[in-house]
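User: I've just opened this one and could use a friendly walk-through. Can we take it question by question?

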Amino acid sequence: MFPPRRRQCACPEPPPAATGRGPAAAAGRMEEEEEDGGRGATGSTASASDRFVRCLYAVGFLDLFGVSMVVPLMSLHIRSLGASHTVAGIIGSLYGIMQLFSSTFVGCWSDLVGRRYSLLACILLSALGYFLLGTSTTVFLFAISRVPVGIFKHTLSISKALLSDLVSERDRPLVMGRFNAASSVGFILGPVVGGYLTELEDGFYKTSFICASIFLLNAGLVWMLPWSEENGSNREHQQGNNRADSFSAKAKHDLHLKSATNGAMASDGLFQSPWIQVATVLKRIKGIACSDLWDIFLVRLLMSVAILLYYSNFSLALEERFGVKPLFAGYLMSYSSALGVVAGCLLGPITRLYQHNTYRILLHSSTLTCTLMLLYASALSIWMVILSSTFLAFSTTIGRTCIIDLELTIGGNEASGTLLGVGQSVTSVGRILAPLLSGIAQEFSPCGPPSLGVGLALVAILIMNANKQKYCSRGNVKLKNQ
């Protein structure tokens, strides 16, 4: 009457993990796939950023190559137009003053509207200035041509801010050093080409037009850069190098969200009214001025003035002290410039040797600079001058790169354009003060300017030692009103 009972198999089913269909195995496969996807995304991001960085090296090279073709010939051209030494000096000073006040505003503007549009605007308006220079047949037109260049020739600063957005804090000194090296190569080759072109009929005008054409070529290169990849990957790549190689899904989502937010802010800033942009720029500059970065900028000012004092009367001092001709001084300065390129390429091994401690590198390079300037000031033979110039090329190049890296490390990458702009303004102040101090010091001795530079460098070293804890903490300084 009852249905027959079915026999149950006595063999137990394999556990879920053994079949590969259980939740643990599924989770493991998901983690593996996620990890593989993370590695693939990180690899493609790094490749896109590397391509971008290499293109920026070319931008820096072309920029200084074009400028250095024209700048050495400008004093001769304005004299050929009938200008006196006083008028030529006033025009040169006006250019420096425009650079002093515009660098901070343009750098902050690049933070507001984005690097692409600010960099393109600066390159194109600089090209306009050099085109007008090629048509300058009077002193007035010459002065007018210097206005757009004086206000907007900040392409290298914006390029450095863009590099700081693209690379991690750990790799920043290496990339900045290579960028400076590429730019220095252009600065070494440019005067040779410009000197050859000026021998032709109407050589200065042709050189100016070629310089303007190089800037237009640079603008085309910037326009064709893979900005879509950069906008989506620069923040992820920068944050990714500071964390583990693989990310969780939430971390990736947060990074993409942050990148999209930054891009949206730049896009919104571009279409704001000019008055709103000016107000925002002034607010950001006030935040930098009210921050605790004064000591870093003071160190940059002191070291800049010290180095400028060393080079201010270099040819005259060598002639008075050792009886060598100015031609020898020119060769020695070219030799130092070539060594500066080598120093920029060696920043990678140096930062690894110092375990990426930018503060220690800056302190040691500044100390070496101070010692070498003292050696030059007390040199008894020309061979001591050559020795000091050789190692000074390395110490000054490394120091310039490290002070920029320290500014961005302490101040934070959120306002990198503003920080670099303020730093450029500080250097411009040094260019204004150095000739005055050099003239006063030279009244006492041909060794007066470098001796004064030794004192200023020593003060900078003492300031760095007094703020050692702040530099080594590597925390971002709170910018007020931000």
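What follows is a short set of questions and answers about this structure.

User: What kind of model is this, and what secondary structure does the chain come to?
Analyst: This is a predicted model, where local features need pLDDT of at least 70, side-chain atom pairs count only at pLDDT 80 or more, and totals for chains, interfaces and linings use all residues. Residues are numbered from 1 along each chain as its sequence is written, and side-chain values use heavy atoms, with hydrogens and water left out. Helices (H or I, at least four residues) and strands (E, at least two) are DSSP runs, numbered from the N terminus. Counted that way, the chain comes to 20 helices and zero strands.

User: What share of the residues of the chain count as buried?
Analyst: Buried means under 20% relative accessible area, exposed is over 50%, and partly exposed is in between, using a 1.4 Å probe and protein chains only. The chain has 482 residues, and the buried share comes to 48%.

User: Which residues touch the most other members of the largest nonpolar core?
Analyst: A nonpolar core is a set of buried Ala, Val, Leu, Ile, Met, Phe, Trp, Tyr and Cys residues joined through side-chain atoms within 4.5 Å. The largest one here holds 98 residues, and the two that touch the most other members are Tyr130 and Leu318. As for who gives the most to this core, with 14 residues, that's helix H2 (residues 23-80).

User: Which residues does Leu318 touch, leaving out those up to four places away in sequence?
Analyst: Contact means heavy atoms within 4.5 Å. With those sequence neighbours left out, the partners of Leu318 are Gly323, Val324, Ala329, Leu332, Tyr376, Ile382 and Val385.

User: Which residues are joined into one network by salt bridges that share partners?
Analyst: A salt bridge is a side-chain nitrogen of Lys or Arg within 4 Å of a carboxyl oxygen of Asp or Glu, and a search of the whole structure finds five. Arg115 pairs with Asp111, the closest N and O atoms being 2.8 Å apart, and Arg115 also pairs with Asp165, again with closest N and O atoms 2.8 Å apart. That second pair links distant parts of the chain, with Arg115 in helix H4 (residues 115-133) and Asp165 in helix H6 (residues 155-166), 50 residues apart. The network therefore takes in Asp111, Arg115 and Asp165.

User: Is Arg115 buried or exposed?
Analyst: Its relative accessibility is 9%. The cut-off for buried is under 20%, so Arg115 counts as buried.

User: How many residues apart in sequence are the parts tied together by Arg300 and Glu407?
Analyst: The side chains of Arg300 and Glu407 form a salt bridge of 3.0 Å, N to O. Arg300 sits in helix H12 (residues 294-312) and Glu407 in helix H17 (residues 382-411), so the pair ties together parts whose separation in sequence is 107 residues.

User: Why is helix H12 largely enclosed by the rest of the structure?
Analyst: H12 reaches 26 Å from its first C-alpha to its last, close to the expected 27 Å (1.5 Å times one less than its number of residues). It is largely enclosed because, of its 19 residues, the number buried is 14.

User: Which residue does the side chain of Thr358 join in a polar contact of 2.6 Å?
Analyst: Thr358 lies in helix H16 (residues 358-377) and is buried, with a relative accessible area of 4%. A polar contact is a pair of N or O atoms within 3.5 Å; within protein, one must be able to donate a hydrogen and the other to accept it, and residues adjacent in sequence count only if both atoms are side-chain atoms. The partner of Thr358 is Asp405.
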